Amino acid sequence: MPTPTMEDYIEQIYLLIHTKGYARVTDVAEALLVHPSSVTKMIQKLDKESFVKYEKYRGFILTEKGTKIGKRLVFRHDLLEEFLKLIGVDEENIYEDVEGIEHHLSWNAIDRIADLVAYFKEDESRIEALRKIQEQERD
Ligand SMILES: [Mn+2]
């Protein structure tokens with residue numbers, strides 16, 4: 001199991017590969033606001049655990065295992081953003097909140113949150129009912 005920090009790296013590498021087609025040490029450093037030397041160190045660690053394949057001077061790619069996990073991590077991040085938005089969390093808090101909680105929920109909890117998001121999306125009136133309660137709370 002990857003640690004929270006490893007998860008952040010795998011998630012960013014997956015995103016970079018899927019938006020730019022490749023991930024370089026500098027891109028990852030920029031995305032995670034860390035020093036490139038930290039990225040190199042982490043890439044070596046991820047290589048040891050078979051999440052990436054690191055080739056000196058040629059960069060690195062996600063392995064099949066890394067890609068599979070990266071996809072789940074991005075899904076989890078996006079789902080939690082959708083969930084917080086749905087329950088009415090202010091836009092400016094959403095990204096930071098998700099970054100703060102995403103590593104600390106079980107996949108069981110993630111699946112149940114996915115059910116709840118699906119429940120709300122299935123019928124728009126459910127969201128409206130929630131908004132009504134929230135308006136009453138504010139008065
Ligand atoms: Mn994230």
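Where does L33 sit, in terms of the helices around it? Keep that in mind as you open your viewer, and remember along the way that this is a predicted model.

**Stop 1: two loop residues with positive phi**

Select L33. You will find this residue in the loop that runs between α2 (25-32) and α3 (36-48). Look at its backbone: phi of L33 is near 55 degrees, which is a positive value in a residue other than glycine. L33 has a relative accessible area of 77%, so the residue is exposed, since exposed means over 50%.

Now move along to S50, in the loop between α3 and β1 (52-55). Here phi is near 65 degrees, again a positive value in a residue other than glycine. Is S50 buried, partly exposed or exposed? With a relative accessible area of 39%, S50 is partly exposed.

**Stop 2: E49 and its contacts**

Stay in the loop between α3 and β1 and select E49. This residue is partly exposed, with a relative accessible area of 32%. Which residues does E49 touch, leaving aside those up to four places away in sequence? Show M6 and K65, and you have them. Try a distance label between the C-alpha atoms of E49 and K65: they are 9.6 Å apart in space, while the two residues are 16 apart in sequence.

**Stop 3: charges over rings**

Keep K65 selected and add F51. K65 lies over the face of the F51 ring, at 4.4 Å from the ring centre. For another such arrangement, select R72 and W107. The charged end of R72 sits over the ring of W107, 4.0 Å from the centre of that ring.

**Stop 4: P2, before the helix**

Go to the start of the chain and pick P2, in the segment before α1. Is P2 buried or exposed? Its relative accessibility is 11%, and because buried means under 20%, P2 counts as buried. Leaving out residues up to four places away in sequence, P2 touches E7, I10 and F51. You met F51 at the previous stop, under K65. For a longer line across the view, join the C-alpha atoms of P2 and T19: these residues are 17 apart in sequence and 23 Å apart in space.

**Stop 5: a helix crossing**

Two packed helices are described by the angle between their axes and the distance between the axes. Colour helix α1 (residues 4-20) and helix α4 (residues 64-86) in two colours. Their axes come within 8 Å and cross at roughly 95 degrees. That angle falls in the range from 65 to 115 degrees, so α1 is roughly perpendicular to α4.

Next, show the side chains at the crossing. From α1, the contact is made by E7, I10, E11, Y14 and L15. From α4, the residues are G66, T67, I69, G70, K71, L73, V74, R76 and H77. What is the mix by class? The contact of α1 with α4 has six nonpolar, four polar and four charged residues. E7 and I10 may look familiar, as P2 touches both of them.

**Stop 6: an aromatic pair**

A pair of aromatic rings is described by the distance of the centres and the angle of the planes. How many aromatic pairs are counted here? The count comes to one. Select Y119 and F120 to see this pair: the ring centres are 5.6 Å apart, and the planes make an angle of 75 degrees, an edge-to-face arrangement. Finish by showing the surface: Y119 is partly exposed, at 41% relative accessibility, whereas F120 is buried, at 11%.

Conventions:
Residues numbered from 1 in each chain as written. Predicted model: local features only at pLDDT ≥ 70, side-chain atom pairs only at ≥ 80, totals over all residues. Heavy atoms only, no water. Axes fitted to C-alpha atoms, helices over the stretch in contact; angles between N-to-C directions. Helix = DSSP H or I, 4+ residues; strand = E, 2+ residues; numbered from the N terminus. Parallel < 35°, antiparallel > 145°, perpendicular 65-115°, else oblique. Contact = heavy atoms within 4.5 Å. Nonpolar A, V, L, I, M, F, W, Y, C, P; charged D, E, K, R; others polar. Phe/Tyr/Trp six-rings, centres within 6.5 Å; stacked < 30°, edge-to-face > 60°. Buried < 20%, exposed > 50% of the residue type's maximum accessible area, 1.4 Å probe, protein only. Lys NZ or Arg CZ within 6 Å of the ring centre and 35° of its normal.
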